[in-house]
Amino acid sequence: MPETLQPDPKRWTALIFIAIAQLMVVLDATVVNIALPSAQADLGISDGNRQWVVTAYTLAFGGLLLFGGRVADLWGRKNTFIVGLLGFAAASAIGGAAVNTSMLLGARALQGLFGALLAPAALSLLAVMFTDAKERAKAFGIYGAIAGAGAAVGLILGGVLTEYLNWRWALFVNIAFAVAAVIGAVAFVNEPAQGRNRNRLDVPGVVLASGGLVSLVYGFSRAESDGWGAGVTIGLFVASVLLLAAFALVESKVKAPLLPLRVITERNRGGVYLSLGLAIIGMFGLFLFLTYYLQTVMGYSALKSGVAFLPMVGGMIVGSTQIGTRLMLRVRPRLLMAPGFLLAAIGMGILAQIKVDSSYAAVLLPGLVLMGLGMGTAFMPAMSLATHGVRPEDAGVASAMVNTSQQVGGSIGTALLNTLAASATASWIKDHAKNAGDLKNQLLVNESAVHGYSVAIYWATAILTIASILAFVLVNAEIQNHAERAEGDESVDDFAVPVIAH
């Protein structure tokens, strides 16, 4: 049996800087969402093009994540991490200095590209630096809390920057995060030499996977703007299915695949990718509708609506670092993930009760707290299980898959739930507006919008419930125990990338 690896003495300090990088990537989308109206007015971006400020980022990020994970395995996670940080900072600087629409959109696509390098490298660094079971639980608890709460923190930070400085600082702020993380990575991140995957890059796999994921994300984006029955929407979905099917075929044949199928066919990892992706669909939809509800119906400012999400952030931190971390060494992962997603679904169900005159304390506060506690509790074992039983040379691409499920889930959630909300609003107006003049009645307009939000949040509740069921059925790993060994190749287990013995 190979000699057990000694834990890195600088690992906890390194975690601080890995967490800073993860926070930057996660909160970027919501920071920019809050700043978007100001950027649109300043640069004269048309209504038709404004969605591209968000879509350019998500397309590049979601489409290239598998490529980024494979590059991390090839170049080394620390090298990829630093390159991703520097590139993300440079792209943010270009975006913040943008003088026209094209410059801003190009910068956002570049941010997505470097984010696709950075995100899987950050997660896989944790997978190889923390070898003790109890320490891994704490490290992934912190990471999970940041991954879950980052989007909500972005709403607050975006509100502060937009209200007190200007929209450009929503991009410039990334430079400070990136510089701090680069300095910390150079000084404190020491990647173990084992586990580098030096096989040649699978170029056909990169093209097919990126094309398939871009088509999928772009298809949902076009569904939101053009409708589900539009020719271009259907064409993109068909192209996505064909490209991803071709990708699976190629990966089963080539010697050094971009995504070894063993990464996703293992029951626990597959269960995590699927259930987490579904949970993110519901969660991102909630951010979208509650932001509109708080600002357009309740009359909150950008900053006040960001602060309104704080109870959910607090719930996520408690759920991840206290509940998840403390119980992970005592109960099976599915007994954290399934109840966590179910608790989040209950919170979502409470939030679906919103009315035009709802009380924040009576409806939103309990719903947000339960959402945060549930998602935080489920996120921690999910993040940890993302590299469960994986071979050392596959750690980067396994980490990329959990990021891919989140990114694609977020894009699908925004488009799918927004379409459902718009349809419900239109139906409500048709039933309640007696003539065109009624549409000038602000109360009726608000009631129709809130009805649409409520219907969409009910759908999100159902999706979260399905995520809970899938986590319970598919995830069958035993309690994490460093003393136990997974069945199979002992050299893999001794590398300490596996999280759960089974």
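Tutor: A charge is said to sit over a ring if NZ of Lys or CZ of Arg is within 6 Å of the ring centre and within 35 degrees of the ring normal. Please keep in mind, as we apply this, that the structure above is a predicted model.

Student: Which charged end sits over the ring of Tyr300, and how far from its centre?

Tutor: That position is taken by the charged end of Lys304, which lies 4.4 Å from the centre of the Tyr300 ring. An arginine provides another case, since Arg334 lies over the face of Phe472, with 4.5 Å to the ring centre.

Student: How should I read a pair of rings, and how many aromatic pairs does the count come to?

Tutor: In general, a pair of aromatic rings is described by two quantities, the distance of the centres and the angle of the planes. In this structure the count comes to 6 aromatic pairs. One of them joins Phe17 and Phe188, which are stacked, with 5.8 Å centre to centre and 5 degrees between the planes. This pair links distant parts of the chain, as Phe17 belongs to helix α1 and Phe188 to helix α6, 171 residues apart.

Student: Is Phe17 buried or exposed, and what is the relative accessible area of Phe188?

Tutor: Phe17 has a relative accessible area of 16%, and because this falls under 20% the residue is classed as buried. Phe188, at 27%, is partly exposed.

Now take Tyr57 and Phe88, an edge-to-face pair with 6.5 Å centre to centre and 80 degrees between the planes. Here too distant parts of the chain are linked, with Tyr57 in helix α2 (residues 47-75) and Phe88 in helix α3 (residues 77-96), 31 residues apart. Both Tyr57 and Phe88 are buried, and ring pairs join these two with Phe61 into a cluster.

Student: Let us turn to empty space. How many cavities of 30 Å³ or more does the structure hold, and which residues line the second largest cavity?

Tutor: The general idea is that rolling a probe the size of a water molecule over the atoms shows where empty space is left. The structure holds 2 cavities of 30 Å³ or more, and the second largest contains about 60 Å³ of space. Its lining is formed by Val32, Ala35, Ala39, Val53, Leu104, Arg108, Trp167, Ala170 and Leu171.

Student: Which helix supplies the largest share of that lining, and how do the lining residues divide by character?

Tutor: Helix α1 gives the largest share, 3 residues, while α1 (11-43), α4 (101-129) and α6 (169-188) each supply at least two. By character, the lining of the second largest cavity has 8 nonpolar residues, no polar ones and 1 charged.

Key: Residues numbered from 1 in each chain as written. Predicted model: local features only at pLDDT ≥ 70, side-chain atom pairs only at ≥ 80, totals over all residues. Heavy atoms only, no water. 1 Å grid on protein atoms, 1.4 Å probe; cavity = no way out; pocket = protein on both sides within 12 Å on 5 of 7 lines; lining within 4 Å. Points joined across faces, edges and corners; volume = space filled by probe spheres on them. Helix = DSSP H or I, 4+ residues; strand = E, 2+ residues; numbered from the N terminus. Nonpolar A, V, L, I, M, F, W, Y, C, P; charged D, E, K, R; others polar. Phe/Tyr/Trp six-rings, centres within 6.5 Å; stacked < 30°, edge-to-face > 60°. Buried < 20%, exposed > 50% of the residue type's maximum accessible area, 1.4 Å probe, protein only.
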